[in-house]
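Notebook open, coffee poured. I want to go through this one piece by piece and jot down what I look up.

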2 protein chains.
Amino acid sequence: MIGPRTVGIVGTGLIGTSMGLAIRQRRVAERVVGVDVDAAAVEAAKTRGALDKGGTTYDILREADLVVVAVPPDAVVDAALQAAGSLRAGTVLTDVASTKAVIVSALEQRLPRLIRYVGGHPMAGSERSGPQAADAALLVGRPFIITPTSAGDGEAVEMVSALARGMGMEPVVLEAKAHDDLVAQVSHAPYLLAVAALNAAVDEALHIQGPGFAGFGRLAASPVEMWTQICAGNAQAIRRALARMREELDRLDRALEARNELALLLMQAQRRAGGDS
Amino acid sequence: MIGPRTVGIVGTGLIGTSMGLAIRQRRVAERVVGVDVDAAAVEAAKTRGALDKGGTTYDILREADLVVVAVPPDAVVDAALQAAGSLRAGTVLTDVASTKAVIVSALEQRLPRLIRYVGGHPMAGSERSGPQAADAALLVGRPFIITPTSAGDGEAVEMVSALARGMGMEPVVLEAKAHDDLVAQVSHAPYLLAVAALNAAVDEALHIQGPGFAGFGRLAASPVEMWTQICAGNAQAIRRALARMREELDRLDRALEARNELALLLMQAQRRAGGDS
């Protein structure tokens, strides 16, 4: 067993539907089946070509040997536990939530022993949401972080890695707490920086924004309900990351009066960003 | 007189060459002539198709009725004064620097009276630099801010506006000090937020960045020498903008422990970013 034959998707929103599209377009598995509480969302995912079969009840997952729970962070644990009731023994289960420690620990304790769970987090997204905005290209070239449970099921990790690679993503295995710390630094706290920049700017300034600010706008425009859940689920790591960023802002603020010192800090960031100097 | 017949470009880097390309591709003027101290840069701009005629001495500007000084911020005043020596009386002169108050005030005092200067700032750019990276598409849909001098030469403002519209940009007339305040909020301080985020993140985090962080990376990767000059030329307004952003960050940081309050702040930013809620 390496790649899955049938992938089940729970939640046909932006990421679930994008994964279904990628799996079917790239023939990563033979079949994709999907379930969503919203019948219209399942229908849309099917029409988009992301599912071979879809429905609103978990029994549709019975044939899957790999199931991806792609619902909002707060709903992952419940959805995974409910899905588990319809799965065959030995089925591999993963999710796509942007916070991992709480979810991995809860599912490790509460899932039936014969369901083989590993945490997942495809680092992909968009300011839009829902199956209509789904696109297999969102995934290409992005990291797919895999956070094993303490049980350390190597074969399950390998199956999720194969799925990630099949979709054009780069699997990266991390411990769940390390994931939460690192992702706070390059995703959660930067989102809050963008929110702060939007909320601090006067209206007239927002009308003359240049290309660099457009990225801040796209971040700040993304779904608030999802981000509220992410922030609540990783508050401690985010606060640590914000504190570090504010130290760097303090240094930059002081350096605004000292050109050489400023240039050194800017060059450090340029180097870290992979740019030329 | 509304649109220019011959546009002169001083400095065939990223922006000067992109403007030359836009003017020639869209037939905004009959001719584009360009000068750069670097003969290879002029040659590259010519090869790219941005210039009808190019050289390394200012006398090439003699035939222009509108001259755009597109050199780094610190070099604008000197280049404009030198170019003025080769211009006919009545020629309109503008520039493209990201800071305006200091430059407009210096040129207002020091340019010959018959050269009609208005400040300019096309809100466009890229993390790359030089004529090879130039692209007329960088300009399309972006604001072109025009900051008149106190002399208030309406005809000169109209000629620069016509140039901007011709290149597919949106002319916006602002007082120079207002420009510097607003641009600090949506360009200069956000650049420093990106620098802070890059400098605060550990190496391992930079390897798993998602799509939202890529925009921070592109900002931080842009030319340090130019940004050092911009920051030095607008330090006061940038410090005010950073202070406002840090107040917003403080509010977000506190709200991380209070989900409803956090959601309100995130929704405010989403609304300001033009997203759905």
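**Entry 1: the chain A and chain B interface.** I started with the contact between the chains, keeping in mind that this is a predicted model. I find 72 residues of chain A in contact with 71 residues of chain B. Then I looked up which elements of chain A are involved. Those that each supply at least two residues to the side touching chain B are β7, α6, α7 (203-206), α8 (211-221), α9 (224-233), α10 (235-255) and α11 (259-272). Which of them gives the most? It's α6(A), with 14 residues. Sorted by class, that side of chain A has 46 nonpolar, 15 polar and 11 charged residues.

**Entry 2: one helix pair across the interface.** Since α6(A) gives the most, I followed it over to chain B. Helix α6 (residues 176-200) of chain A packs with helix α8 (residues 211-220) of chain B at an angle of about 75 degrees, and their axes are 9 Å apart. That angle makes α6(A) roughly perpendicular to α8(B), as 65 to 115 degrees is the range for that label. I noted the residues too: A:V186, A:S187, A:P190 and A:Y191 come from α6(A), while B:G212, B:F213 and B:F216 come from α8(B). By class I get five nonpolar, two polar and no charged residues in this contact.

**Entry 3: domains of chain A.** Next I pulled the domain assignment, which splits chain A into domain 1 (6-174) and domain 2 (179-272). Their centres, taken over C-alpha atoms, are separated by 29 Å. The two domains do touch: 15 residues of domain 1 of chain A and 14 residues of domain 2 of chain A take part in the contact. On the domain 1 side, α4 (101-110) and β7 (143-148) of chain A each supply at least two residues. I see six nonpolar, six polar and three charged residues on that side of domain 1.

**Entry 4: helix α1 of chain B.** How far does α1(B) reach from its first C-alpha to its last? Helix α1 (residues 14-25) of chain B has 12 residues and reaches 16 Å, close to the 16 Å expected at 1.5 Å a residue. I then checked burial: 11 of the 12 residues of α1(B) are buried, so the helix is largely enclosed by the rest of the structure. The buried stretch runs through B:L14, B:I15, B:G16, B:T17, B:S18, B:M19, B:G20, B:L21, B:A22, B:I23 and B:R24. I traced what these residues pack against, and found β1 (6-10), β2 (31-35), α2 (39-48), β4 (66-69) and β6 (116-122) of chain B.

**Entry 5: the arginine after it.** α1(B) is followed by B:R27, which has a positive phi. I flagged the value, near 50 degrees, as this is a residue other than glycine. Most residues other than glycine have a negative phi. B:R27 lies in the loop between α1 and β2 of chain B. Buried or exposed, I wondered about B:R27? B:R27 counts as exposed, because it has 8 C-beta neighbours inside 10 Å and the cut-off is 12 or fewer. I looked up A:R27 as well: its phi is near 50 degrees, it lies in the loop between α1 and β2 of chain A, and with 8 C-beta neighbours inside 10 Å it counts as exposed.

**Entry 6: helix α2 of chain A.** Last lookup. In helix α2 (residues 39-48) of chain A, I list A:A41, A:V42, A:A44, A:A45 and A:K46 as buried. They pack against α1 (14-25), β2 (31-35) and β3 (53-55) of chain A. After α2(A) comes A:G49, with a positive phi near 95 degrees.

Definitions and conventions: Residues are numbered from 1 along each chain as its sequence is written. Chains are lettered from A and ligands numbered from 1 in the order in which they are written. This is a predicted model: local features need pLDDT of at least 70, side-chain atom pairs count only at pLDDT 80 or more; totals for chains, interfaces and linings use all residues. Axes are lines fitted to C-alpha atoms, for helices over the stretch in contact, and angles run from 0 to 180 degrees between N-to-C directions. Helices (H or I, at least four residues) and strands (E, at least two) are DSSP runs, numbered from the N terminus. Angles under 35 degrees count as roughly parallel, over 145 as roughly antiparallel, 65 to 115 as roughly perpendicular and the rest as oblique. Two residues are in contact if their C-beta atoms, placed from the backbone, lie within 7 Å. Ala, Val, Leu, Ile, Met, Phe, Trp, Tyr, Cys and Pro count as nonpolar, Asp, Glu, Lys and Arg as charged, and the others, Gly among them, as polar. Domain bounds come from an automatic or database domain assignment. The expected span of a helix is 1.5 Å times one less than its number of residues. A residue is buried if 20 or more other C-beta atoms lie within 10 Å of its own, exposed if 12 or fewer, and partly exposed in between; C-beta atoms are placed from the backbone.
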